[in-house]
Amino acid sequence: MELLGTHGTTQTRAKTIQREGQFRPARKAGRAGTGVYFWAYQNDPSLAHLLANMWWEQCSKEGRYKSDPFQACKVIYVTLKTDDHLYFDMGDPFFQELIFKTAQERAINTVNELSQLYDWALNELEIALKIKYLVISANVPKPRVDQMPQFLLMTNFKCYVVRGDFKKVISIDSIV
């Protein structure tokens, strides 16, 4: 299985990623758990490119890049390669029901708690199935930016979350 995606970051980090061929996951879980996030596309990367730029803008405003010497936006285009059985879609109704039920039981009401719940649920599923998913598909909210193009009124967009074996799964196609 091959999937296409974009990742927005700074020029400093893009150069490091290109040199080392290695992405580093964030220290805390994102909206769909822990891993490296890529905005999905199939044929036309325009929307995924825009979302990667918006992600960079959000992170810049939050001060995540303040220690980077070169903070200009770079968008990394990648191909993700994995076996079908190592790919999991969080849109699966069984998984959504598990998240819903558990979130209710635990009275989860923050994004951080929900992100941790995704990690926990995936881990439990992997233990039960004796498998380690490498790529997760999830619908996540668009980045928060001041100037939002009107056509982006949709609330969620597909992304891929790579959770391990980064060098095996991620192939960098270009950086722009």
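Two strands are taken to pair if DSSP finds at least two bridges between them. On this basis, the predicted model contains an open sheet of seven strands in the order S4-S5-S6-S2-S1-S3-S7, with mixed pairing. The edges of the sheet are occupied by S4 and strand S7 (170-175); each has a single partner strand, so one side of each is left without a neighbour in the sheet. Averaged over the sheet and with direction ignored, neighbouring strands are turned by 40° against each other. Strands of a sheet pair through backbone hydrogen bonds, in either the parallel or the antiparallel sense.

Several of the pairings can be described individually. S1 and S3 run antiparallel and are joined by nine bridges. Within this pairing, His-7 has Ile-76 of S3 as its bridge partner. Strand S3 (residues 73-81) also pairs with S7, in the antiparallel sense and over five bridges. Here Ile-76 stands opposite Ile-175 in S7, and Thr-79 stands opposite Ser-171 of that strand. Ile-76 therefore has a partner in the S1 pairing as well as one in S7. Strand S3 is mostly covered, with seven of its nine residues buried. On the other side of S1, three bridges connect S1 and S2 in the antiparallel sense, and the bridge partner of Thr-6 in S2 is Trp-39. S2 and S6 pair over four bridges, again in the antiparallel sense, with Val-36 opposite Val-162 of S6. Like S3, strand S2 is mostly covered: of its six residues, five are buried.

Two helices were examined with respect to the sheet. Helix H2 (residues 46-61) packs on the sheet and touches strand S1 (2-10), strand S2 (36-41), S3 and strand S6 (156-162). The direction of H2 makes about 30° with that of S1. In helix H1 (residues 11-20), the buried residues include Thr-12, Ala-14, Thr-16 and Ile-17. The buried residues of H1 pack against S1, S3 and S7. Just after H1, a positive phi of about 65° is found at Gly-21.

The loop between H2 and S3 contains Asp-68. This residue is buried, at a relative accessible area of 8%. The side chains of Asp-68 and Thr-10 are joined by a polar contact of 2.6 Å. When neighbours within four places in sequence are left aside, the contacts of Asp-68 are with Thr-10, Thr-12 and Arg-13. Of these contacts, Thr-12 is itself one of the buried residues of H1.

A search of the whole structure for aromatic pairs returns five. A pair of aromatic rings is described by the distance of the centres and the angle of the planes. For Phe-88 and Phe-95, the ring centres are 5.1 Å apart and the planes lie at 75°, so the pair is edge-to-face. Both of these phenylalanines, Phe-88 and Phe-95, are buried. Phe-88 also forms an aromatic pair with Tyr-133, at 5.1 Å centre to centre and 40° between the planes, and this pair is tilted. Phe-88 lies in strand S4 (residues 87-89), whereas Tyr-133 lies in the loop between helix H4 (111-129) and strand S5 (135-141), so the pair ties together parts that are 45 residues apart in sequence. Tyr-133 is buried, as is Phe-88. One aromatic cluster is formed by Phe-88, Phe-95, Tyr-118 and Tyr-133. A contact of another kind involves Trp-120: the charged end of Arg-106 sits over the ring of Trp-120, at 4.3 Å from its centre.

Helix H4 also contains Ala-128. In contrast to Asp-68, which is buried, Ala-128 is exposed, with a relative accessible area of 60%. The C-alpha atoms of Ala-128 and Glu-62 are separated by 38 Å, the two residues being 66 residues apart along the chain.

Methods: Residues are numbered from 1 along each chain as its sequence is written. This is a predicted model: local features need pLDDT of at least 70, side-chain atom pairs count only at pLDDT 80 or more; totals for chains, interfaces and linings use all residues. Side-chain values use heavy atoms; hydrogens and water are left out. Rings of Phe, Tyr and Trp (its six-membered ring) pair if their centres lie within 6.5 Å; planes under 30 degrees apart count as stacked, over 60 as edge-to-face and the rest as tilted. Buried means under 20% relative accessible area, exposed over 50%, partly exposed in between (1.4 Å probe, protein chains only). A charge sits over a ring if NZ of Lys or CZ of Arg is within 6 Å of the ring centre and within 35 degrees of the ring normal. Axes are lines fitted to C-alpha atoms, for helices over the stretch in contact, and angles run from 0 to 180 degrees between N-to-C directions. Contact means heavy atoms within 4.5 Å. A polar contact is a pair of N or O atoms within 3.5 Å; within protein, one must be able to donate a hydrogen and the other to accept it, and residues adjacent in sequence count only if both atoms are side-chain atoms.
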